[in-house]
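Thanks for asking me to look this one over. Below are my notes, point by point, to read alongside the model.

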Amino acid sequence: MNAAKRPWLAGGLVLALSLGLAACGKSPREAPTAGATVQAQVLTLKSSAEKGYSSVPGTVVAAQRVQLSSRLSGYLRHLDLRVGQAVQRGQLLFEVDPATADSQVQQARASLAQAEANLANARSNYERFKHLYAQGAIPAKQWDEVQAQYRMAEAQAAAARAGIASAQANLGYARVTAPFAGVITEKFLQNGDLVAPGRPVLTLADPSHLEVQASVGSRLFAALRQGETVPVLADGHTIDARVLDLVAVADSETHTHLVKLTLPADSPVQAGDYVQVQIPSPSRQGISVPRSALLDRAGIPGVFVVDAKGIAHYRLVRPGAEVGSEVEILAGLVAGERIVVDPSADLINGSRVVPAGAQHG
């Protein structure tokens, strides 16, 4: 027997759903009575130009993040930090055993001493042969050779001085300090490990300045403008983010553009969090309701609609994007209908609603 031959069954299912939605969370003795009068704020819905949004996944990252390494080769020491530890600008992070750098400084000093001794000898010859050449005692070719040797000794001495300056500078690189205040987010090596130039040791990030990075298709990318404000949804919060960077060149594999948005300092998110970036699309006619009007009864989203006789009916709706204090309704409501803005627990299907300060919006 089909449903058309069993009207009592269809009616029973509707009645059971209505009673279940209305009495959710109350014991039978506490449940309100259908037909009871409830005072509530009522809003008349009006269709308006709604700015549509397309949701794109994004990731919260630290705007300032750097991998720290050493310019020297040697064994790592004084690395006493842990992941998650906060550090101050200029604080010592780790040190590389300076034995190799020390030996390079000593070698450079020895080279400089030798070069300066050669320069002194060449200068003495230069002065002596200069007088001899002026007196015509030596040929021009010999004088040219003496001058060339003197210039070479000067160049070698200058190179030796530069070498010792470079060696001393490398010795300074043995101690690595924090370039800015932040938090240690990664630790790649331990004390005693052999460090090579360019090999990362730590990652430092500044959690006080956060941004969102998202990969956006060409159509949505074209709708964004640098400096504009875009809503970002994060765990029940709506955050106004500002478009910081728009990378015009698309990724060759994903064919998407990288978009960076800067977050306010008081954002309730942390680096690594997942968010939804709401990219605006062309305006369209739509209906929005206050967030307080949208309920969840037995896992079913809906609102209470008040009919012409003032009777409340729970209506299933399909909510869309949430922007500020408003929620877009994609299906289930039409302009001109009246809804309860902030329904109390006493409001159920069949309740008679007495408007309290009815509004039109």
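How many bridges pair strand β13 with strand β14, and in which sense do the two strands pair?

1. To start with that question: this is a predicted model, and in it β13 (residues 229-234) and β14 (residues 237-246) are joined by six bridges in the antiparallel sense. One of the partnerships to look up is A234 with H237 of β14. Two residues sit between the strands of this hairpin, and D235 has a positive phi near 50 degrees there.

2. Next, the open sheet with the order β4-β11-β9-β6. Its four strands pair in antiparallel fashion. At the edges stand β4 (65-69) and β6 (86-87); each has a single partner strand, so one side of each lacks a neighbour in the sheet. Between β4 and β11 (residues 200-205) there are five bridges, again antiparallel, and Q67 has T203 of β11 as its bridge partner.

3. A second open sheet of four strands runs β8-β7-β5-β10, with antiparallel pairing. Here β8 (175-177) and β10 (194-195) are the edge strands, each pairing on one side only. Strand β7 (residues 92-96) is antiparallel to β8 and is joined to β8 by three bridges; E95 is bridged to R175 in β8. If you display side chains on either sheet, keep in mind that in a regular strand they alternate between the two faces.

4. Helix α3 deserves a look of its own. The helix covers residues 140-172, 33 residues in total, and spans 49 Å from first to last C-alpha, close to the 48 Å expected at 1.5 Å a residue. Its buried residues are W143, V146, Q147, Y150, A153, A157, A160, I164, A167 and N170. For a chemist's eye, Q147 and N170 are worth picking out of that list of buried positions.

5. On aromatic contacts, the whole structure holds four pairs. In one of them, Y133 and W143 have ring centres 5.7 Å apart and planes at 15 degrees, so the pair counts as stacked. Y133 belongs to helix α2 (residues 99-134) and W143 to helix α3, so this contact ties together parts ten residues apart in sequence. Are the two partners buried or exposed? Y133 is partly exposed, at 36% relative accessible area, while W143 is buried, at 9%. Ring pairs also link Y133 and W143 with Y126 and Y150 into a cluster.

6. Another aromatic pair is F304 with Y314, which is edge-to-face: the centres are 5.3 Å apart and the planes make 70 degrees. F304 sits in strand β18 (residues 300-306) and Y314 in strand β19 (residues 312-316), so here too the pair ties together parts ten residues apart in sequence. Both F304 and Y314 are buried.

7. Finally, the largest pocket, with a volume of about 160 Å³. Its lining has 13 residues, and V61, A62, T185, A205 and A271 are the ones nearest the centre. The elements giving two or more residues to that lining are β3 (48-62) and β9 (182-187). Which element gives the most? That is β3, with three residues. Sorted by class, the lining has eight nonpolar, three polar and two charged residues.

Notes: Residues numbered from 1 in each chain as written. Predicted model: local features only at pLDDT ≥ 70, side-chain atom pairs only at ≥ 80, totals over all residues. Heavy atoms only, no water. Expected span 1.5 Å × (residues − 1). Buried < 20%, exposed > 50% of the residue type's maximum accessible area, 1.4 Å probe, protein only. Pairing = 2+ DSSP bridges. Phe/Tyr/Trp six-rings, centres within 6.5 Å; stacked < 30°, edge-to-face > 60°. 1 Å grid on protein atoms, 1.4 Å probe; cavity = no way out; pocket = protein on both sides within 12 Å on 5 of 7 lines; lining within 4 Å. Points joined across faces, edges and corners; volume = space filled by probe spheres on them. Nonpolar A, V, L, I, M, F, W, Y, C, P; charged D, E, K, R; others polar.
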